[in-house]
Amino acid sequence: MDTILDILDELKPGVDWRGRTDLVDGRELDSLTIISLIAELEDAFDVVVPAVEIVPENFNSLEGIWALVRRLREQGL
Amino acid sequence: MMKRMTRVLSGLLRVALSAAATVAVLAAVSYVLTPKNNQAAFGQRDERVHGIAGEPAGSIDVLLMGDSEIFTSVSPLQLWDERGITSYSLGTNGQKLIYTRSLLALALRKQSPRVVVLETNCLFRPFTVGEAILRVGKDVLPAVEYHDRWKSLTVEDFIAPVRATWTDEGKGFVAKRGTRAADASGYMAPSDEVAEMPLLNRLYLEEIERMCERAGARLVLLSTPSTKNWNMARHNGVERVASELGLDYIDLNVGEDRVGVDWAKDSYDAGDHLNASGARKVSTAVGALLAERYGTPDHRGDGSYSSWAEASSRARDK
Amino acid sequence: MTSYFSAAFLLAFLPATVVCYQLAPRRARWAVLLAASYAFFWVLSGPLVVFVIASTVSIWAAGLALDALASRRAADLARQGVDRRRARRLWGRRMRLALVVGVGVNLGILGVLKYAGFVCELLAPLGCALPPAPSIGLPIGISFYTLQAVSYVADVYRGSSRADRNLARLALYLAFFPQIMEGPICRYDQTASALWAGEPVTAQGLFSGGARMLWGVTKRMVVANRLNLFVQTVFGDPGSYDGGMVALAAALYTLQLYCDFSGTMDVACGMGRVFGVSLPENFRQPFFSRTASEFWQRWHITLGAWFRDYVFYPVSLSGPVKRLTSSARRGLGNRVGPAAASGVALLCVWLGNGLWHGAGTQYLLFGLYYFVLIWAGGLLAPASEAVCARMGVARDGALWHAFQHVRTLLVVVAGELLFRSSSAVEGLGLLVRATLGFRASSLVDGTALSAGMDAADFVVTGAFVVALLVVGVLRERGACPLEAVWRRGAVARWAVCCALIVTTVVFGAYGAGYVPVDPMYASF
């Protein structure tokens, strides 16, 4: 989870990532940032994020992103 | 079950009440927007035909209805001069039967004509259900027709009564000056085809007939001479409808009632409409038909119709 | 009956449908909606209804094929001792084939019917002799329902929707009459089950839906149709008007398009509400946007979302583009790199968006215009932040926000100017005239009143814009005006509906002196 936090901070500094549950709906994460985020996640966790997983539920909160990564890792094994 | 029924009924009642209240508001708005006299200067639309509202009650024996064919072909003042017949022409450009019905209703409010002549060209002009609904809306709530008058409202529009004091000098007739010869080569060529009028038009014709019947008037279908608008297929179509509905049908284009129109001289626009000279011939023929077949009375010399003699002499002086 | 705004539709077709729907047993209500939808389609497009039937059958078959392939893949993968990688690749290929066929059939129909003529026109100067384009005409709403069809097949392929075995439900999903003409572009998940459920008509649904429809009708009849007088006059003969008039016409056209399209959406969503179906919203106060890309998240939302989900993300996450993104990130840094690489996906999105609106060079230019703006916006964001920081401008301040609002409004109006032109060349010419050749004189010396709208028309339009602003601000603050009116009780409900009806009847631009306006988005 800290890895994800680092990535997010690097992409867009100055956002309180931990406390938020409306990252997409509140437009903190726009489509461009999501694309960069996915590229970073794929490098860092060795997963492949398919387009179908880009839904607000998966990206609205730090926990959501973490859950997505865990799920993709299990599937990949 | 009972409970549900009452709930539904009370719901329907509420909807009906709301609708009635809305119509009441629109009726009030309509009063303000209605032109306060039947003249264009007051905002009246189609002033020429609405002059009928300014004619003394019960003074008109014949209504001439239809599109531009009727108001360019038959002159009420000539009918007066030749036969002493009082008539008024309610034709407007491109008239559809929905409007014919409205104008007839307007005329029948004050008049009880003996004969209502309906020119047949408009029987074939199609209209949609939407147009029909809109027309009814305009008749019930003049705000729909005159809504744009909000731009020119005056204090009088809010307080003055709605009057109709004006009438058209030509009693709805428009003489077309000028001549363009018509090509009459294929005019009324024999044909077994039967032109079908649209279903909605048929329903409206039946409604118009019922209105005439209730008012004690005889509805007569009349085809005025035109090379562009009339042909045997349409003649056959109207003949069939007339016999089905038990109406009289007179076609001035063909057969014994044919009028001797000179197509080189009597048309205004190459066979579409007649000019003044063509209209003179047709008016004479129509006057004879009305007097002889339908016994429309001769009011010449009757003091209460002196305004007709005056209008006629004014027209002659012009 | 030519649109949702014709008397026959509002006063006859729709009430009759609602009554039949409510009287029908719940399990048969879908049939009422389907019959009404196809009747509506038939009235507007006649025999072209075969194309919507073809689309329906094609996505039904594609969905079933994808479903069958997916379950066989699962069975295959569950077997012991299987080379899982090879099996995945094999079944993946087959499913992709089904996807390509399903999407291809639908885009193919759209392409041939809508773009064949345009392509021939473009290729003609190059000396390519192509067979003449078929002139079949366009079925109503084909641009909208085709996108719905594609999204369904794509969703089944991705596994985010299950395949529907019920052909009638899919038919209703594509052709539901409130949405067939101008959208909103719905996803299968959003509407299909509600359409099928046959929820009873309720008093609240009738009020909220009905009042929403009235609001939409008012917007369109009072503002959009009135502005048409001016817009039509100026754009019909742009050569005889100076820069000020062209700029005014572009602004009024933007307002007209908004009132026309969002009014139609109000009618569509209102109708959906009556039938217990909540259609997705297509507008969220677009003129309050601060950037061009935010504008597209508030204007024609379902179209933007469609391109985002079915073009932008898939293209961005495809192998080559991913590799491009990674190398750009290494070369240009973490912010500019991805922004630069996103150009590929953005170009696909905006070419598609432009051409979706119509086969014409002006639409192509319109798409490219927004591509450049949004791409450059992303690329220049760090630079702009740096400039602001150096000049001491607070990016959270009211002043900066106001600047952004005005800038975005101008950008949008300029875009609509290109959009309304009859060709890309004319559009550029007009844009130059409206900016470099802008003179305020014609706006004050009476010329503005000579182009179809008199002073009273401008006053009514202005008053309505104020009303729109008030409603917009309320909605921005999260209020739901109709909800509030409903709670106020029967008299308030009646008063609102009555006021809207009287406003439309009196101030509507209809009848003698006004040319009826076709729904603007129905032809896209």
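Let me start with a definition: I call two residues in contact if their C-beta atoms, placed from the backbone, lie within 7 Å. With that in hand, take chain C: among its contacts between residues at least 6 apart in sequence, 76% join residues at least 24 apart.

Before I go on, the bookkeeping. This is a predicted model, where local features need pLDDT of at least 70 and side-chain atom pairs count only at pLDDT 80 or more, while totals for chains, interfaces and linings use all residues. Residues are numbered from 1 along each chain as its sequence is written, and chains are lettered from A and ligands numbered from 1 in the order in which they are written.

Okay, staying with chain C. We get 21 helices and 0 strands there; helices and strands are DSSP runs numbered from the N terminus, H or I over at least four residues for a helix, E over at least two for a strand. The radius of gyration of chain C is 25 Å, close to the 24 Å from the globule rule for 524 residues, so chain C is as compact as a globular protein of that length. For the record, that radius is taken over C-alpha atoms, and the rule is 2.2 Å times the number of residues to the power 0.38. Along the principal axes, the C-alpha atoms of chain C fill a box of roughly 85 × 65 × 55 Å. And 42% of the 524 residues of chain C count as buried. Buried means 20 or more other C-beta atoms within 10 Å of the residue's own, exposed means 12 or fewer, and partly exposed is in between, again with C-beta atoms placed from the backbone.

How is chain C divided? Domain 1 is 27-198, domain 2 is 202-283 + 453-517, and domain 3 is 291-445; the bounds come from an automatic or database domain assignment. Between the C-alpha centres of domain 1 and domain 2 of chain C there are 32 Å. Their contact takes 12 residues from domain 1 of chain C and 13 residues from domain 2 of chain C. On the domain 1 side, helix H7 (177-180) and helix H8 (188-197) of chain C each supply at least two residues, and H8(C) has the largest share with 5 residues. By class, that domain 1 side has 7 nonpolar, 4 polar and 1 charged. My classes: Ala, Val, Leu, Ile, Met, Phe, Trp, Tyr, Cys and Pro are nonpolar, Asp, Glu, Lys and Arg are charged, and the others, Gly among them, are polar.

One helix to look at is H16 of chain C, residues 398-420. H16(C) has 23 residues and reaches 33 Å from its first C-alpha to its last, close to the 33 Å expected at 1.5 Å a residue; the expected span is 1.5 Å times one less than the number of residues. Its buried residues include C:Thr408, C:Val412 and C:Phe419. Among the elements covering the buried residues of H16(C) are helix H9 (203-236), helix H10 (243-274) and helix H15 (361-391) of chain C.

Now, the chain pairs. Which chains share the most contacts? Of the 2 pairs that touch, chains B and C do. There, 21 residues from chain B meet 20 residues from chain C. Helix H1 (2-33), helix H6 (129-140) and helix H7 (142-146) of chain B each supply at least two residues of chain B's side, with H1(B) giving the most, 8 residues. That side of chain B divides into 10 nonpolar, 6 polar and 5 charged.

Chain A also sits against chain C, with 12 residues of chain A in contact with 18 residues of chain C. H2(A) has the largest share of the chain A side, 6 residues, and by class the chain A side has 9 nonpolar, 2 polar and 1 charged. Chains A and B do not touch, and their nearest C-alpha atoms are 40 Å apart.

Last stop, B:Asp61, in the loop between helix H2 (47-50) and strand E1 (62-65) of chain B. Buried or exposed? B:Asp61 is buried, because 22 other C-beta atoms lie within 10 Å. Leaving aside neighbours within four places in sequence, its contacts include B:Ile85, B:Arg114 and B:Pro297. B:Val116 is 55 residues from B:Asp61 in sequence, and 8.6 Å from B:Asp61 in space, C-alpha to C-alpha.
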